[in-house]
Amino acid sequence: MANTNNIEDKACCDTDQQPNKQKKQEEKTSSTFLQTWGSGIVSLVILLAGIAADQWGQPAFFQGWIRIGWYVLAYLPVGWPVLVKGWKSILKGDVFTEFFLMGIATLGAFAIGEYPEAVAVMLFYAIGELFQDAAVNRAKRNIKALLDIRPESASVQRNGQMMTVHPEEVQTGETIQVKPGEKVPLDGKMLSEKSSFNTSALTGESKPATYNKGENVLAGMVNLDRLIELKVTRLFNESSLARILELVQNATARKAKTEQFIRRFARVYTPIVTFLAVGLAFLPYFFVENYVFEDWLYRALIFLVISCPCALVISIPLGYFGGIGAASRKGILFKGSNFLDLMTKVNTVVMDKTGTLTKGVFEVQKAVTMDGITIDWLSLAADMESKSTHPIAKAIVEYARTQGKDISEPEQQEEVAGHGLKGKVQGKQVLIGNQKLMAKEGIVTCADAAGEVNTVIHAAVGGKYAGYLVIADELKEDASQAIEVIRKSGVRELIMLSGDKDAVTQQVAKTLGIDKAFGDLLPEQKVQKVEELKKDANRVIAFVGDGINDAPVLALADVGMAMGGLGSDAAIETADVVIQTDQPSKIATAIQLGKQTKRIVWQNISLAFGVKLIVLALGAGGLATMWEAVFADVGVALLAILNAVRIQRN
């Protein structure tokens, strides 16, 4: 009772503090707005007042040094930070930056008496930078907010009492409580009978999921039903959520080729246009009659303003930020923007069967005992499988329990990769596995088993064949839709590789309309199949698997996609793309998002270069003023940013 009262008292205190928290948040927001936009607003007000004075009569006092001083006053709030950044870059050896271009252009405009235009160029440049920063920060916040949903406290049971501590202080094996409406702070195993959870922040799936006693619940899920208890299985910094958050935040470090090219291009492009501007100012002296230095300097300054590469340098990474964020909201994690680009080229999708296209939740359909077998082979088989985490092993153990069998651990157990298990149970040598295992051990199986379409698991005790189990899996709800949508996404060939028996594999392939299917494959044989496919240089292969058994193939493929890999270390470490929702239809979504992102990036590149080239030509010919230059630089940058932000709304 004491614990309950403490919780209620804390809740009351939290309620009382909410108005204060809200007020502080509003004050913080207001303060941030002034810090961000204050200098721009001050500069704009002074500039407009100066332009008004120039246009309407130019009073006697607004002349000479007073007029110059007025525009300098308008320039400094937005210009000084840019000049400082440019100077610091020069000291570091990086001379030709956008800050250098804007500084030279605006100071040059002051030198030839174009005061309002100098202030306007720097003002609009500063405003454009603020919009760019806001857009990039929004994209980063969207990405981080998708996964940075770890609570700051956890209720842990210690010395018979519930204590509220930071999740970092909770150790594995401890018991925590999660109330309805609270986020799960750490990965844990359900000790309570069952509860429903909102998993949308992790998987993008809006439909609540029910977890029963003994099942694993992940940090970041929201408990919906009742007060539950969990046994912590992972430390705070090792939770699935923490690792995925790190994955998404680091995704922006792996650049797409387009992004890498633009960054390299900007480093070469900026010094070139600077020297061209110098040439534009001075070379006409040797070729043009009635050469007026101020006129050609003005054209050169316009040229510098127009040529600033910020529209490209900002909007392109922003497009990839948006693509990664949009994918994350749909439960698809890209390890880098380079994989967004690669997804657009995928023309061959190779898939595992179990856990990718099928649910991987097996059920024993029947158990057949051979004539003359009196030993309880089913119980021995379940004992042998009791330590395995394979879905088929779990199905056998669960079936044995429903038949009233007591399960114990084997005395010896050895896994034969791709075949099954062998070992000793209750003093007896036991084999449990597929036809290959029986053939390898020289055991003759039942002829009737060969006629079964579904998966057959054979058992032998003491070197004698005892019986077999027929086990069936079922297709995922969206498997058929997934194949259809993947084809529409431009994939020309779909191939399925499976370790399951070939008859089952072919049946699933026929049902779904998959082009080719190969069954009875060991992990190394899957690798061989993908290596054969890669000999065709025109193929770009995406392999989709469960992220554990298929880790070698995930690493080999051009794009490795882990299906349902939210809680799988192997999936996150090996795959290039992790599909958290366990839905094969997300393969097509990943391809479509990659194509949309690339389309937006190239739209921005075309827009920036197209407008800049036109206005550069007009500026060099004396047909464009600083105002057109501002549009060609800041205006195009803003249009490109707005275009890039579109993908974040998907």
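Trainee: Why is tyrosine 285 called exposed or buried here?

Mentor: Its relative accessible area is 54%, and exposed means over 50%, buried under 20%, partly exposed in between (1.4 Å probe, protein chains only). So tyrosine 285 counts as exposed. Keep in mind that this is a predicted model, where local features need pLDDT of at least 70, side-chain atom pairs count only at pLDDT 80 or more, and totals for chains, interfaces and linings use all residues. Residues are numbered from 1 along each chain as its sequence is written, and side-chain values use heavy atoms, with hydrogens and water left out.

Trainee: Where is tyrosine 285 found?

Mentor: In the loop between helix 7 (257-282) and helix 8 (293-307); helices are DSSP runs of H or I with at least four residues, strands are E runs of at least two, both numbered from the N terminus.

Trainee: Okay, serine 192 next. Why is serine 192 called buried or exposed?

Mentor: Serine 192 has a relative accessible area of 17%, so it's buried. You'll find serine 192 in the loop between strand 4 (188-190) and strand 5 (194-198).

Trainee: What makes the link between the side chain of serine 192 and glutamate 229 a polar one?

Mentor: A polar atom of that side chain sits 2.8 Å from the backbone nitrogen of glutamate 229. A polar contact is a pair of N or O atoms within 3.5 Å; within protein, one must be able to donate a hydrogen and the other to accept it, and residues adjacent in sequence count only if both atoms are side-chain atoms.

Trainee: Which residues is serine 192 in contact with, leaving aside neighbours within four places in sequence?

Mentor: Asn212, Lys213, Leu227, Ile228 and Glu229, where contact means heavy atoms within 4.5 Å.

Trainee: How do you know whether threonine 445 is buried or exposed?

Mentor: Its relative accessibility is 19%, so threonine 445 counts as buried. Threonine 445 belongs to the loop between helix 13 (435-440) and helix 14 (447-450).

Trainee: What does the side chain of threonine 445 make a polar contact with?

Mentor: The side chain of glutamine 435, at 3.0 Å. Gln435 is also on the contact list of threonine 445, along with Met438, His458 and Tyr465, once neighbours within four places in sequence are set aside.

Trainee: How far apart are threonine 445 and tyrosine 468?

Mentor: They're 23 residues apart in sequence, yet 8.8 Å apart in space, C-alpha to C-alpha.
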